[in-house]
Amino acid sequence: MVKMIDPNTEVLALIGNPVKHSFSPRIQNYFINKYDKNAVYLAFEFEKKELEEAFKGAKKLKFMGLNVTMPYKEDIFRLVDELERTAAAVRSVNTVKFDKNNSKASGFNTDLEGFLKSLEEKDFSFEDKTCLVIGAGGAAKSCIYGLLKKNLKKIYVFNRTYEKVLLMKESFKDDGSRITAVMELEDLNGLEPEIDLIVNCTPQGMDIDDLKKRMPIPEKWDLGGKYIFEMVYKPVETKLVKKAIREGAVAIHGIDMLVNQAAFSFKLWFDIMPDTEEIKEIISEDIRKKQNSNFKAKK
Ligand code: NAP
């Protein structure tokens, strides 16, 4: 995949644990090749106690940058020298850019831009809309931060651990007053026709164990005319996405978000906004093929 390695080849890497199944190396090396950059993107997995040393090593070896995945997004937040506004607000870093001239590490969070771009690509207009976000983890926080920047009417947030929604609401200070914390999803029964956008920021629907069968919203809600944003990307069509398509909603897939946030990282490093259409198709096909072969192997 890498065209050429020489003494000038820039090194980029994903760090996290686990990283073995990550699509980031595939996506970033695709962008690197497409835009003919002399760079390579690798993945490194290590224990938390080694994080600081690994981070300093990458800086010392003059890596160009890093992507950071679970569970280190919040730890890297404390290790970088400067933080861009979004990363500071959500206290989480998924992209690092090293400045080789002054050895400074800058921390960014491209989840929010990836989220907003995925909505804009499907012509979602934010003005006066009502949204429901399900979840209160890192992904939910980035989405909600993005939604709060837009001119929305209302944001409902539901999480199985209610207290986390209250803490998140508090963390957004004055802006948090636009969030309505929902204790039980059933409390929204009858109000759901008013909701324009539903975002699933939990692993419900994911291709593991019992999660695959889970639907993050009540089955009886009619999704016709709504926007449904699914963060889960394995499988490509979760139970929620299938219901959305069946009922005439606009479905935004986890793959859109995955590739779009990666594209914004690439832009930070190379100052090029890469085209994402083809790689979205390639990754979706990859996931479908793996699922089919797993399915056949189980039979
Ligand atoms: P996180 O920080 O660990 O938060 C997980 C959230 O999901 C929490 O709100 C948690 O609730 C909830 N949750 C976990 N298991 C659940 C279950 N069985 N039933 C109901 N709720 C459950 O993770 P995250 O980074 O926010 O990621 C959330 C999901 O989005 C993951 O599936 C991740 O793969 C996906 N994601 C996708 C992209 C993308 O590019 N497509 C980007 C980021 C994340 P509690 O607070 O009660 O534990």
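**Group meeting: a ligand and its surroundings**

Good morning. By class, the shell around the ligand consists of ten nonpolar, eight polar and three charged residues. Please keep in mind throughout that this is a predicted model.

Let us stay with the ligand for a moment. It is surrounded by 21 residues, and the closest are A136, A139, N159, T161 and K164. Which helices each supply at least two residues of this shell? They are α6, covering residues 138–148, and α9, covering residues 254–270. The largest share, three residues, comes from α9.

I now turn to individual atoms. A backbone N or O atom of A139, one of the closest residues, lies 2.8 Å from an oxygen atom of the ligand. With R160, the atom concerned belongs to the side chain: a polar atom there lies 2.9 Å from an oxygen atom of the ligand. M231 contributes a backbone N or O atom, which lies 2.9 Å from a nitrogen atom of the ligand. How much of the ligand does the protein bury? Taken alone, the ligand exposes 910 Å², and the protein buries 79% of that.

My next topic is the protein interior. In soluble globular proteins, nonpolar side chains tend to be buried together. Here, the largest nonpolar core has 31 residues. Those with the most contacts inside this core are F115, V133, I144, L147, L197, V199 and F229. Several helices and strands each supply at least two of its residues: the helices are α5 (111–121), α6 and α7, and the strands are β7 (130–134), β8 (154–158), β10 (197–200) and β11 (227–230). The largest share of this core, six residues, comes from α6. Helix α6 thus appears twice in this talk, as it also supplies at least two residues of the shell around the ligand.

Let us take V199 as an example from this core. Leaving aside residues up to four places away in sequence, V199 touches F115, L132, V133, I134, C143, F229 and M231. You will recall M231 from its backbone contact with the ligand. Apart from the largest core lies another, of 23 residues, among them I27, L258, A263 and I279.

Finally, consider K173. Where is this residue placed? K173 sits in the loop between α7 (162–171) and β9 (179–182). Is K173 buried or exposed? With a relative accessible area of 68%, K173 is exposed, because the cut-off for exposed is over 50%. From C-alpha to C-alpha, K173 and V90 are 12 Å apart in space, while 83 residues separate the two in sequence.

Thank you for your attention.

Conventions
Residues are numbered from 1 along each chain as its sequence is written. This is a predicted model: local features need pLDDT of at least 70, side-chain atom pairs count only at pLDDT 80 or more; totals for chains, interfaces and linings use all residues. Side-chain values use heavy atoms; hydrogens and water are left out. Helices (H or I, at least four residues) and strands (E, at least two) are DSSP runs, numbered from the N terminus. Buried means under 20% relative accessible area, exposed over 50%, partly exposed in between (1.4 Å probe, protein chains only). A residue is near a molecule or strand if one of its heavy atoms lies within 4 Å of it. A polar contact is a pair of N or O atoms within 3.5 Å; within protein, one must be able to donate a hydrogen and the other to accept it, and residues adjacent in sequence count only if both atoms are side-chain atoms. Accessible areas come from the Shrake-Rupley method with a 1.4 Å probe; for residues, only the protein chains shown count as cover. Ala, Val, Leu, Ile, Met, Phe, Trp, Tyr, Cys and Pro count as nonpolar, Asp, Glu, Lys and Arg as charged, and the others, Gly among them, as polar. A nonpolar core is a set of buried Ala, Val, Leu, Ile, Met, Phe, Trp, Tyr and Cys residues joined through side-chain atoms within 4.5 Å. Contact means heavy atoms within 4.5 Å.
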